[in-house]
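User: I would like to go through this model step by step, beginning with its overall make-up and then turning to particular contacts. Please reason briefly before each answer.

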Amino acid sequence: MVPLNWSATRAALTSRFAVYARYRDAALFVLLAALFGASFVSIKTGLRELPPVLFAGLRFDIAALALLAYVAVSRPRSAWLPRTRGDLLGIASAAAFLIAFNNGFLFLGQGTTTPAVASVMYGLNPILAPIFAWWLLGDRLSSVGALGIGIALAGVVLIVRPSPATLADASAVGQLLVLGAAAAVAVGSVLLRRVGPRMESVALTAWAMAVGAVMLHVVSLAAGEAQASALAVGPATVASVLALAIPSTAVAYAIYFGLIDRVGPVRANLVAYVAPVFAALTGWLVLGAAVSPWTAVGFAVVVAGFALIERQTLAAEVRRFRERTHETPTATPPCDD
């Protein structure tokens, strides 16, 4: 009988589980990009029958209930209740900028632009964040980083292509509103780092969704949107609200924060540059929306700008990936009979 080499077996199992974890995170990353990309099509579909701000409020009504229920069941009470001033400020900042301003501008802007263009404009939030971090946190921006921001903004110009005729066009206004949503995300993320909440990120997100939903409904009422329209929608709109609220908000946010914990925020935020592919694909399949060549060129320029801003982090990740892929597995010593 051949004795079992426990150390070699343990090493083999550890290596196998590490491979599975990498595949799992890669699969979750693709799933997250698909959920975020499809959300733009769900928004476009629902806006056919629902006022924009009311629609955004309904999205977070459902998502907040689902996420709060998950947090309440899966965490002890001490873990999901805010306890410090930083927690309360974090919830307020996230609710105002990441939920209310972000989705208010996004839903208003998508009424007059395509899912593909909206997703590209929205993907500018990693580019805008260094500007607000320099302003609010005093983080130094290098000359190469500033050049990257300039290149990314040039990509936006290629997408919008402003002219005296197009600046007054509804599509251009819609794209600028989506850009405002991206700016709100950048400001909100920087403010969260400044106030320093201590509560778990998933619990904070759930509370921010709930408070943000209330803010959106207040704005909807103040804007005079027809609240009764929510009771007279068709099956397609109901499906778009549910698809947006559960998979593309509650589930997607949970995946997103999990990836941040495991692979880091920079690698997780690269989803902003994959989501437009799924937004364009689902927009073409569901809505028949064509993708302009200028949108594709502008997107490539935006990615180039991001690569300049995060060049050091991306270079470190490339080196780490090469080291992992070129590792030679340790040979298992033969077992004695």
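User: How many helices and how many strands does the secondary structure of the chain come to?

Analyst: The model is a predicted one, and read along the sequence its pattern is α-α-α-α-α-α-α-α-α-α-α-α-α-α. The secondary structure of the chain therefore comes to 14 helices and zero strands.

User: What share of the contacts with a separation of 6 or more comes from residues 24 or more positions apart?

Analyst: The chain has 337 residues, of which 43% count as buried. Among its contacts with a separation of 6 or more, the share that joins residues 24 or more positions apart is 90%.

User: Are α4 and α9 parallel, perpendicular or oblique to each other?

Analyst: Helix α4, residues 85–109, packs against helix α9, residues 201–222, with the axes 8 Å apart and at an angle of about 55°. Since an angle between 35 and 65 degrees falls outside the ranges for roughly parallel and roughly perpendicular, the relation of α4 to α9 is oblique.

User: How do the residues of the contact of α4 with α9 divide into nonpolar, polar and charged?

Analyst: On the α4 side the contact includes Gly90, Ile91, Ala94 and Ile99, and on the α9 side it includes Leu204, Trp207, Met209 and Gly212. The crossing of these two helices, α4 and α9, is right-handed. Sorted by type, the residues of the contact are 14 nonpolar, three polar and no charged.

User: Which residues have the most contacts inside the largest nonpolar core, and which helix gives the largest share of this core?

Analyst: The largest nonpolar core has 65 residues, and those with the most contacts inside it are Leu106, Phe107, Ile127 and Met209. Ten residues of this core, its largest share, come from residues 170–195, that is, from helix α8.

User: Which residues is isoleucine 127 in contact with, leaving aside its neighbours within four places in sequence?

Analyst: Isoleucine 127 is one of the residues with the most contacts inside the largest core. Once neighbours within four places in sequence are left aside, its contacts are Ile149, Ala152, Tyr273, Val302, Gly305, Phe306 and Ile309.

User: Which residues does the second, separate core include?

Analyst: Apart from the largest core there is a second, separate one of twelve residues. Among its members are Leu32, Ala33, Ile255 and Tyr256.

User: Is methionine 121 buried or exposed?

Analyst: Methionine 121 is found in helix α5, a helix of residues 115–122 that is mostly covered, with eight of its eight residues buried. In space, methionine 121 lies 8.2 Å from leucine 176, C-alpha to C-alpha, although the two are 55 residues apart in sequence. Because its relative accessible area is 0%, methionine 121 is buried.

User: Does aspartate 61 count as buried, partly exposed or exposed?

Analyst: Aspartate 61 is found in helix α2, residues 52–74, and touches Ala213 and His217 when residues up to four places away in sequence are not counted. Its C-alpha is 8.2 Å from that of alanine 245, which is 184 residues away in sequence. Because its relative accessibility is 25%, aspartate 61 counts as partly exposed.

User: Does serine 229 count as buried or exposed?

Analyst: Serine 229 is found in the loop between α9 and α10. Not counting residues up to four places away in sequence, serine 229 touches Glu49, Leu50, Pro51 and Leu54. Its relative accessibility is 17%, and because the cut-off is under 20%, serine 229 counts as buried.

Note on methods
Residues numbered from 1 in each chain as written. Predicted model: local features only at pLDDT ≥ 70, side-chain atom pairs only at ≥ 80, totals over all residues. Heavy atoms only, no water. Axes fitted to C-alpha atoms, helices over the stretch in contact; angles between N-to-C directions. Helix = DSSP H or I, 4+ residues; strand = E, 2+ residues; numbered from the N terminus. Parallel < 35°, antiparallel > 145°, perpendicular 65-115°, else oblique. Left-handed = near helix turned anticlockwise from the far one by under 90°. Contact = heavy atoms within 4.5 Å. Nonpolar A, V, L, I, M, F, W, Y, C, P; charged D, E, K, R; others polar. Core = buried A, V, L, I, M, F, W, Y, C linked by side-chain atoms within 4.5 Å. Buried < 20%, exposed > 50% of the residue type's maximum accessible area, 1.4 Å probe, protein only.
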